[in-house]
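Visitor: I have a structure open and would like to learn how to read its features. Could you walk me through it?

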Amino acid sequence: MMKRQIFTAAKAAGAAGFLTLAAVLPSPVLAQQGNRDSVTLCQTLEPPILDPTGGAAAAIREITYDNIFETLIAFDSAGRTQPRLAASISSSDDGMVHTIKLRTGVTFHDGTPLTSADVKFSFERAMAPDSKNSQKWIFAPIGSIEMPDASTVVITLKSFAGDFIEGLAWADASIFSAKSADKAGTEPIGTGPYQFVRWNRGDRVILKRNDAYWGAKPAIANAIVRFIADPQAQVAALMAGDCDAHTNIGAPEAVAQLRANANLRVTIGRTEGETIVAMNNSKAPFNDPRVRQAISMAIDRAQVNEGAMSGFGTLIGTHFSPNHAAYLDLTGAVKFDPAAARKLLAEAGFPNGFSASLRLPPPSYAQRSGEVVAAMLAQIGIRVSIEPVQWAQWLERVYRQRDYDMTIVAHVEPLDINIYSREGYYFGYASDVLKDAIARTKSARTAEARNAAFQDAQRRISADHVNVYLFMLPKITVQKAGLKGMWANWPVPANPLGQLSWE
Amino acid sequence: MIGFLVRRALTLLATLMVAAIIIFTVTEILPGDPAAVMLGMTATPETIAALRTDLGLDAPPMQRFFQWIFGFLTGDLGISYAYRVPVAGLIAERLPVTLPLALLAITMASLLGISLGAIAASRANGLVDAGIMAGAQVGLAVPNFWFGILLVLLFSITLGWFPAGGFPGWQAGFFIGLKALLLPALALALPQGAVLARITRTAVLEALGEDFVRTARAKGLTRWQTLRRHVMRNAMVPVFTMLAMQFSFLVAGTIVIENVFALPGLGRLMFQAIGGHDIITVKSLVMVFAGAVILINAIVDLTYGLIDPRLRLARGVSR
């Protein structure tokens, strides 16, 4: 642990040095436009495998979604679903039977034609007891899958789910061929506009255009996805022109410096990552709503956003993304007021505050937010001890064993407010009102009814002060000025290369 | 001599075994489940259990320990929990980056350190000496990753001569590969070179004070001839010891430098494996690092005799 802290501190010192020095040195002499036939995209994390149905890592989806693998329907940059492998989906009036017509003339990268059997295979593989799919809820309502002919799939649900069709747009519902699915982790073969060439582990994945692609031909023939984890190294690679774009840099403090570079363009967008101070609602003193409210009132979210993300996060007041139509702006629901917070804490029986631990996972948003939050809570007498933990420990102790007081984490899955209704979830929160609202989001037959249920859920968790809702994690895209088609927001983690082109 | 070698080999094996037990125990105690890390927050307990079975995490610790040790002896290091490919393959992929990087760094450090140290000693207390020693002091004080960042700023961003990081692979061409390793090797070499310069200077100064130096000069050898033929050879024993110790630091240094330069080497693999709780890879990597350090030290012990015949003689006498 000690070593890790030293390393982080050393890196922070390094970053500071880098930024100061970069400011005094002349700006880059080279403005290479690069080869118009290729694009080098840089991303922070390397995926452990390339099969989106075998692990939850966002990095897998960043490379494969809508590039190597395709889904029946797919999210666009605005988070709306668009047809992909499904030419049409028609649903029965009761929403229980869905008839999917597949596009014709689609082949996998190894030449195997796509048929309805592949859809059946892919979904049954995801539903199997030994499946490694991290989003099995998508397939849970499925009763049966039939194939009347080679290009038609009929899915009959055993229980109604209003979000069933949208779930099919997730990378976890990618369509595989039975012939190649087993090796998808290391040699992915899909139907997408780009096909896998090589993976130099630790450095890059190399892709090339799929010339037999059924849809619009991508503009760029070759694509390289490089992995650069270190925030300073990301900035250096962009400044040196090694990356044509970085999908989301980890150094928000470098944005001003990157913006000053005429060859680069910076776009501040949003991910679906609600960053929260989670509190163990089942443990004293956090089981007292007044204590949770006091903590919420003691934290100045704008300041945390400024300190941790240079102000690029989007403030939220509930566990819901402003990208979604059902979003309610509840940022004003709790006012920053340390004096009132102290009073509330005294009412709850803690006139002198109390001691609590704050377990922080490794990402910098958590580490940085944690420092600011701890300082703010000290103002109302809550003595916070910060405990940095590795992801594995976080998942084991905080998430699984619920052995924690407070933690800071970003919940990156879209529309994940349903976690508040889960039994034994790590928040330790239980509310029948909320459970009912979540059930209604599933059973709703219309978009309006579904959105209304989502709004009820948002109001409930905000009123109960389950957690402190800080901000949506930003997506800071940095790219060469001539590159077009990068997604500004991440409704899902994806970088569809087929949409890129050089000016 | 044979007996000596056998004894050395046995000590080596025993050290490695102790290292293996410590590494296994420590990684075993660490809380956390690799399967849970892979599958994230939304996975159901059944899905995690399925992956655990797949990864062989169900087996009792003792069984896994012996599987690991015997696997090690046969070159089978198991399957990485995160990457789901053989660990041996992962390490083999990364060696062609880390090994040349370490060799390049140690070569640069030796050339730089030993020559500058010798020059400083031969001009002891002069301006050149003061300059070199001041430089060495800076070299010692500057952490290698920060020096790496400075190199990137100058050579990659401002001048555009070198890539700012990454490794295109040896298949892209020898010189392209070498170019990618040059800056990180230099960043690694600087602090090492600084240490070597100081050690060399002290050792050379000490040797210069010996009687044989006066004799050599009296025989009519020039300053440089004396230095080359008599002084340097005597001074090399402590320098060589230091060089071997430096190697261990170099191994640790690659972990940091490979991250700064985004190089796909063993150090970065270690970093990623720890982050992903890929314990089986961490274990094998630590073992490889520990093994390398232990082996280098053994080789250095054996080669002392080559540099210094007196040590060879002493050993002969004691036997």
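Visitor: Let me begin with a helix and its neighbours: which strands of chain A does helix α3 lie across?

Guide: Good place to start, and keep in mind that this is a predicted model. Helix α3 of chain A, residues 116-127, lies across β5, β6 and β7 of chain A. Relative to β6(A), the helix runs at about 165°.

Visitor: And in what order do the strands of that sheet come?

Guide: A useful general idea comes before the order: in a regular strand the side chains alternate between the two faces of the sheet. In this case, the open sheet of chain A has four strands, arranged β4-β5-β7-β6 with antiparallel pairing. Its edges are β4 (86-91) and β6 (142-149), each of which pairs on one side only. From one strand to the next, the twist averages 20°.

Visitor: How many bridges join β5 and β7 of chain A?

Guide: Five bridges link β5 (residues 97-102) with β7 (residues 152-157), in the antiparallel sense. To find the register, look for A:K101, whose bridge partner in β7(A) is A:T152.

Visitor: Farther along chain A I see β14 and β15. In what sense do they pair, parallel or antiparallel?

Guide: Those two are parallel: β14 (residues 355-360) and β15 (residues 383-388) of chain A share six bridges. A:S355 stands opposite A:R383 in β15(A). Now follow the chain from one strand to the other: β14(A), helix α10 (residues 364-378) of chain A and β15(A) make a β-α-β unit, and that unit is right-handed.

Visitor: What about β14(A) and β16 of chain A, how many bridges do they have?

Guide: There are two bridges between β14(A) and β16 (residues 406-411), again in the parallel sense. One pair to click on is A:R359 with its bridge partner A:T407 in β16(A).

Visitor: Let us turn to chain B. How many helices and strands does chain B have?

Guide: Chain B has 13 helices and zero strands. For its extent, picture a box of roughly 85 × 60 × 35 Å along the principal axes, filled by the C-alpha atoms of chain B.

Visitor: How should I describe two packed helices?

Guide: The general recipe is to give the angle between their axes and the distance between the axes. Take α10 (residues 223-260) and α11 (residues 266-275) of chain B: their axes come within 7 Å and cross at roughly 85°. That crossing angle is why α10(B) is called roughly perpendicular to α11(B).

Visitor: Which residues make the contact between α10(B) and α11(B)?

Guide: From α10(B) come B:T254, B:I255, B:E258 and B:N259, while α11(B) supplies B:L266, B:G267, B:R268, B:M270 and B:F271. By class, the residues of this contact are four nonpolar, three polar and two charged.

Visitor: Into which domains is chain B divided?

Guide: The division gives domain 1 (2-74) and domain 2 (89-318). Taken over C-alpha atoms, the centres of the two domains of chain B are 32 Å apart. Where they touch, 14 residues of domain 1 are in contact with 12 residues of domain 2.

Visitor: Which helices of chain B supply the side of domain 1 that touches domain 2?

Guide: At least two residues each come from α1 (2-29), α2 (34-39) and α4 (61-74) of chain B. The largest share belongs to α1(B), with nine residues. This side of domain 1 of chain B has 10 nonpolar, three polar and one charged residues.

Definitions and conventions. Residues are numbered from 1 along each chain as its sequence is written. Chains are lettered from A and ligands numbered from 1 in the order in which they are written. This is a predicted model: local features need pLDDT of at least 70, side-chain atom pairs count only at pLDDT 80 or more; totals for chains, interfaces and linings use all residues. Two strands pair if DSSP finds at least two bridges between them. Axes are lines fitted to C-alpha atoms, for helices over the stretch in contact, and angles run from 0 to 180 degrees between N-to-C directions. Two residues are in contact if their C-beta atoms, placed from the backbone, lie within 7 Å. Angles under 35 degrees count as roughly parallel, over 145 as roughly antiparallel, 65 to 115 as roughly perpendicular and the rest as oblique. Ala, Val, Leu, Ile, Met, Phe, Trp, Tyr, Cys and Pro count as nonpolar, Asp, Glu, Lys and Arg as charged, and the others, Gly among them, as polar. Domain bounds come from an automatic or database domain assignment. A crossover is right-handed if, with the strands pointing away from the viewer, the path from the first strand over the helix to the second runs clockwise.
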